[in-house]
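I sat down with this one to look up a few residues and then the chain around them. Here are my notes, in the order I made them.

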Amino acid sequence: MTYVRAAEREEQIVAAAMRVLGSVGVPAMTLRAVAAEAGIPLGTLHYVFPAKDQLLRAVMAKVVRDISEALRAEAELDQGVEHAFRQGITSFWGRLVESDLGLQIMQYELTMYSLRAEGAAGLARSQYERYSSLVTEFCEQAAQAAGERCAIGYDALGRLTLALIDGLILQYVANPDRDRARRDLKHALDMIVLLADPRPAAPGRAGRSG
């Protein structure tokens with residue numbers, strides 16, 4: 001048997017889990033089905049991920065990494081908050097929303113599954129805290145790189161941005177009208193930029209909000 005490093009094995013299993021989740025959904029996903037999809041013995045999967053919850057958390061971590069990469073793929077942080085924001089969110093939309101509706105459905109299923117099975121302290125809370133902090137950090141880094149500040153706190157900006165984009169994704173999943181969704185996304189970005197009101201920061205205040 002060919003030796004596979006632990007990190008590679010974990011990536012293989014997570015990728016298989018995402019395919020299974022996209023096919024049958026969260027409640028119907030089993031570790032046995034994931035092992036079969038990955039082409040490995042069930043015992044091997046249990047060694048890496050002893051419980052379904054651990055595997056779902058690994059899937060969520062992979063999704064967060066993918067979102068971060070999509071946000072930063074074409075972002076020019078030193079060009080200012082507005083430029084980075086519009087470029088990053090538009091890149092994310094094209095790479096992970098328009099091109100992969102199954103991924104978006106899977107994420108919402110993970111949220112609902114967690115809320116029903118674990119309550120507010122489970123995976124769903126961790127999921128949205130990660131999403132929000134990702135956008136928060138992105139905005140703050142862009143402000144620091146360009147020597148700007150925003151009118152509201154970056155944590156609030158992250159949560160509000162997430163709420164708007166989340167709603168647009170749900171509408172797109174229900175009715176995938178690409179042109180309409182793109183227009184709505186532009187309007188949403190206009191609203192967020194107006195709220196953030198990025199301006200040159202006073203000396204020593206770059207990256208600070210308020």
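**R95.** I checked how open R95 is, and at 42% relative accessibility R95 counts as partly exposed. By the cut-offs I use, buried is under 20% relative accessible area, exposed is over 50%, and partly exposed is in between, with a 1.4 Å probe and protein chains only. R95 lies in helix α5; helices are DSSP runs of H or I with at least four residues, strands are runs of E with at least two, and both are numbered from the N terminus. Leaving out residues up to four places away in sequence, I found R95 touching E69, A70 and A73, where contact means heavy atoms within 4.5 Å. I also looked across to M191: 96 residues separate it from R95 along the chain, and the two C-alpha atoms are 22 Å apart.

**What I am working from.** This is a predicted model, in which local features need pLDDT of at least 70 and side-chain atom pairs count only at pLDDT 80 or more, while totals for chains, interfaces and linings use all residues. Residues are numbered from 1 along each chain as its sequence is written, and side-chain values use heavy atoms, with hydrogens and water left out.

**Q87.** Next I went to Q87, also placed in helix α5. Its relative accessible area is 22%, and Q87 is partly exposed. Beyond the four nearest places in sequence on either side, Q87 is in contact with E74, A75 and E76. R72 is 15 residues from Q87 along the chain, with 8.7 Å between their C-alpha atoms.

**V26.** Buried or exposed, I wondered of V26? V26 is buried, with a relative accessible area of 0%. I found V26 in the loop between α1 and α2. Its contacts, apart from neighbours within four places in sequence, are L21, K52, L56, M106, E109, L110 and Y113. From V26 to W93 I read 23 Å, C-alpha to C-alpha, with their positions 67 residues apart in sequence.

**Helix α2.** I moved on to α2, residues 31-38, where L31, V34, A35 and A38 are buried. These four cover an arc of only 100° around the axis, which puts them on the same side of α2; the arc is that of the directions from the helix axis to the C-beta atoms. An α-helix has 3.6 residues a turn, so residues three or four places apart point the same way. On the other side of α2, I noted R32 and A36 as exposed. What do the buried residues of α2 pack against? They pack against α1 (6-24), α3 (42-48) and α4 (52-72). After α2 comes G39, with a positive phi near 70°.

**The core.** I then looked up the largest nonpolar core, meaning a set of buried Ala, Val, Leu, Ile, Met, Phe, Trp, Tyr and Cys residues joined through side-chain atoms within 4.5 Å. It has 61 residues, and V34, L55, V59, V63, F92 and W93 touch the most other members. Elements giving two or more residues to this core are α1, α2, α4, α5 (81-98), α6 (101-118), α7 (123-146), α8 (154-174) and α9 (178-196). The largest share, ten residues, comes from α4. I picked out V63 and, leaving aside residues up to four places away in sequence, saw it touch M18, L103, M106, Q107 and Y131.

**D197.** Phi of D197 caught my eye: near 45°, a positive value in a residue other than glycine. D197 sits in the loop between α9 and β2 (199-200). With a relative accessible area of 25%, D197 is partly exposed.

**The whole chain.** Last, I stepped back and counted nine helices and two strands, in the order α-α-α-α-α-α-α-β-α-α-β from the N terminus on. The C-alpha atoms fill a box of roughly 60 × 40 × 30 Å along the principal axes. Of the 210 residues, 43% count as buried. Among contacts between residues at least 6 apart in sequence, 72% join residues at least 24 apart.
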